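Me: I would like a close look at a single part of this structure, taken slowly enough for a first-year student to follow. Please begin at the surface and then move on to a residue in a loop.

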Amino acid sequence: MANDLRDVAPVEHVPQAPVEHLPQDIGKQLQKGIGLCLSGGGYRAMLFHLGALWRLNELGYLPKLARVSSVSGGSITAGVLGMHWKKLAFDGAGVSPHFTEIVVAPIRRLASVTTDQWAIIGGIVTPGATISDKVANAYRKYLFHDDAPRTPR
């Protein structure tokens, strides 16, 4: 039987050495509050985290966040959230009635186009521009409504 656990070897507990590089007063440096971590994974992460933030808004948890940490696709969503944070105007229940138009709409706009293929092609064939320039220009256009392409000085 494939799921029979009697054939699995027991796992030994390996004691961990104490962490010696942390300062003694680490407790004084920690700050209370709720932190949110948004992982990477490209467009999928961007959209997954958008849904998670959308739900947190509906539940009134967004204004309770003390810190947001993110990488890659999660950083796209976190960046849009951070850029518009002051415009969210949370109500007494901690819900932003403007969340959909301010945060969801630009991310959906970006997700509705394929930027990577054109960025690669444009970065290869456009003199003086890189693939990174083309991706940054797509972000400017779809997330920030800034249609002016930019290349390095």
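Reply: In this predicted model, a nonpolar patch on the surface is formed by Ile 34, Leu 59 and Tyr 61, which together have about 270 Å² of accessible area. One of these residues, Leu 59, sits in the loop between α2 (42-58) and β2 (65-70). Leu 59 has a relative accessible area of 46% and is partly exposed, because that term covers values between the 20% limit for buried and the 50% limit for exposed.

Helix α3, made up of residues 72-83, has 12 residues and spans 16 Å from its first C-alpha to its last, close to the 16 Å expected at 1.5 Å a residue. The buried residues of α3 are Gly 73, Gly 74, Ile 76, Thr 77, Ala 78, Val 80 and Leu 81.

The loop between α3 and α4 (99-111) holds Ser 96, and this is the residue to examine in detail. Ser 96 has a relative accessibility of 4% and therefore counts as buried, since buried means under 20%. Its surroundings can be described through its polar partners and its contacts. The side chain of Ser 96 reaches the backbone oxygen of Leu 88 at 2.5 Å, while a polar atom of that Ser 96 side chain lies 3.3 Å from the backbone nitrogen of Phe 99. When residues up to four places away in sequence are not counted, Ser 96 touches Asn 57, Leu 88, Ala 89 and Phe 90. Leu 88 thus appears both as a polar partner of the Ser 96 side chain through its backbone oxygen and among the residues that Ser 96 touches.

Terms used: Residues are numbered from 1 along each chain as its sequence is written. This is a predicted model: local features need pLDDT of at least 70, side-chain atom pairs count only at pLDDT 80 or more; totals for chains, interfaces and linings use all residues. Side-chain values use heavy atoms; hydrogens and water are left out. Patches are made of residues with over 30% relative accessible area and no salt bridge: like charges are joined within 9 Å, nonpolar side chains (Val, Leu, Ile, Met, Phe, Trp, Tyr) within 5 Å. Accessible areas come from the Shrake-Rupley method with a 1.4 Å probe; for residues, only the protein chains shown count as cover. A salt bridge is a side-chain nitrogen of Lys or Arg within 4 Å of a carboxyl oxygen of Asp or Glu. Helices (H or I, at least four residues) and strands (E, at least two) are DSSP runs, numbered from the N terminus. Buried means under 20% relative accessible area, exposed over 50%, partly exposed in between (1.4 Å probe, protein chains only). The expected span of a helix is 1.5 Å times one less than its number of residues. A polar contact is a pair of N or O atoms within 3.5 Å; within protein, one must be able to donate a hydrogen and the other to accept it, and residues adjacent in sequence count only if both atoms are side-chain atoms. Contact means heavy atoms within 4.5 Å.
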